[in-house]
Amino acid sequence: MKVIAHQPWQWFLLKDNDSYIFDVNVDIRPATFSVTFLLNEQEIEDYLKVGNEFLDNLALLVHKSFVMQTSINFTNRFIKDKDLTNSIAEAVKEWQKQNS
């Protein structure tokens with residue numbers, strides 16, 4: 001697993017074999033938290049066509065889904081597996097170490 005794209009203070013995109021994992025920073029004062037989920041096939045296709053601009057828009061959509069409590073809900077897609085979330089955290093830490 002490794003970080004393949006990044007937007008400072010907004011999101012990380014990681015790739016693990018054929019899976020794309022999107023980690024979005026959601027800032028709803030006073031709380032800030034991370035939302036992590038697998039991109040679906042359409043999102044992967046859109047990312048591969050459009051690039052980081054697609055991820056910027058998707059991150060904004062995720063953020064708005066919390067702030068405005070829209071009908072678009074990502075909660076059923078959240079990654080909850082502890083081993084996987086630990087692997088994601090380690091991959092991000094390693095990327096940060098190499099890119100600081």
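User: Before we start, what do buried and exposed mean here?
Analyst: Buried means under 20% relative accessible area and exposed means over 50%, with partly exposed in between. One thing to keep in mind is that this is a predicted model.

User: Okay, let's try that on Asn17. Buried or exposed?
Analyst: Asn17 has 64% relative accessibility, so Asn17 counts as exposed. Asn17 is found in the loop between β2 and β3.

User: And what's its backbone doing? Where is phi for Asn17?
Analyst: Phi of Asn17 is near 60°, which is a positive value in a residue other than glycine. For background, most residues other than glycine have a negative phi.

User: Which loop holds Trp9, and what is its phi?
Analyst: Trp9 lies in the loop between β1 (2-7) and β2. Phi of Trp9 is near 65°, again a positive value in a non-glycine residue.

User: Is that Trp buried or exposed?
Analyst: Trp9 counts as exposed, because its relative accessibility is 79%.

User: Let's zoom out. What's the fold made of?
Analyst: The chain has three helices and four strands. Going along the sequence, the pattern reads β-β-β-β-α-α-α.

User: How does the radius of gyration look for a chain of 100 residues?
Analyst: A compact globule with 100 residues would have a radius of gyration near 13 Å, and the chain has 13 Å, so the two agree. Along the principal axes, the C-alpha atoms fill a box of roughly 35 × 35 × 25 Å.

User: How much of the chain is buried?
Analyst: Buried residues make up 31% of the 100 residues. The accessible surface comes to about 6600 Å², and 49% of that surface belongs to carbon and sulfur atoms.

User: What about long-range contacts?
Analyst: Of the contacts with a separation of 6 or more, 46% are between residues 24 or more positions apart.

User: Charges next. How many of each, and how far apart are their mean positions?
Analyst: There are 10 positive and 14 negative charges, and their mean positions are 4 Å apart.

User: Switching to aromatics. How many ring pairs are there?
Analyst: The structure holds four aromatic pairs. In one of them, the rings of Trp11 and Phe22 have their centres 5.7 Å apart and their planes at 50°, so the pair is tilted.

User: Where do those two sit in the chain?
Analyst: Trp11 is in strand β2 (residues 11-16) and Phe22 is in strand β3 (residues 19-28), eleven residues apart, so to speak of distant parts of the chain being linked is fair.

User: Are Trp11 and Phe22 buried or exposed?
Analyst: Trp11 is buried, with a relative accessible area of 1%. Phe22 is buried too, at 0%.

User: Which rings make up a cluster?
Analyst: Ring pairs link Trp11, Phe22 and Phe37 into a cluster.

User: Last one: Val26. Where is it, and is it buried or exposed?
Analyst: Val26 is found in strand β3. Val26 counts as buried, because its relative accessibility is 0%.

User: What does Val26 touch, if we skip neighbours within four places in sequence?
Analyst: Val26 is in contact with Ala31, Thr32, Phe33, Val35, Val62, His63 and Phe66.

User: And how far is Val26 from Gln7, C-alpha to C-alpha?
Analyst: Their C-alpha atoms are separated by 13 Å, with the two residues 19 apart along the chain.

Conventions. Residues are numbered from 1 along each chain as its sequence is written. This is a predicted model: local features need pLDDT of at least 70, side-chain atom pairs count only at pLDDT 80 or more; totals for chains, interfaces and linings use all residues. Side-chain values use heavy atoms; hydrogens and water are left out. The radius of gyration is taken over C-alpha atoms; the globule rule is 2.2 Å times the number of residues to the power 0.38. Buried means under 20% relative accessible area, exposed over 50%, partly exposed in between (1.4 Å probe, protein chains only). Contact means heavy atoms within 4.5 Å. Accessible areas come from the Shrake-Rupley method with a 1.4 Å probe; for residues, only the protein chains shown count as cover. Lys and Arg count as positive and Asp and Glu as negative; His and the chain ends are not counted. The place of a charge is taken as NZ of Lys, CZ of Arg, CG of Asp or CD of Glu. Rings of Phe, Tyr and Trp (its six-membered ring) pair if their centres lie within 6.5 Å; planes under 30 degrees apart count as stacked, over 60 as edge-to-face and the rest as tilted.
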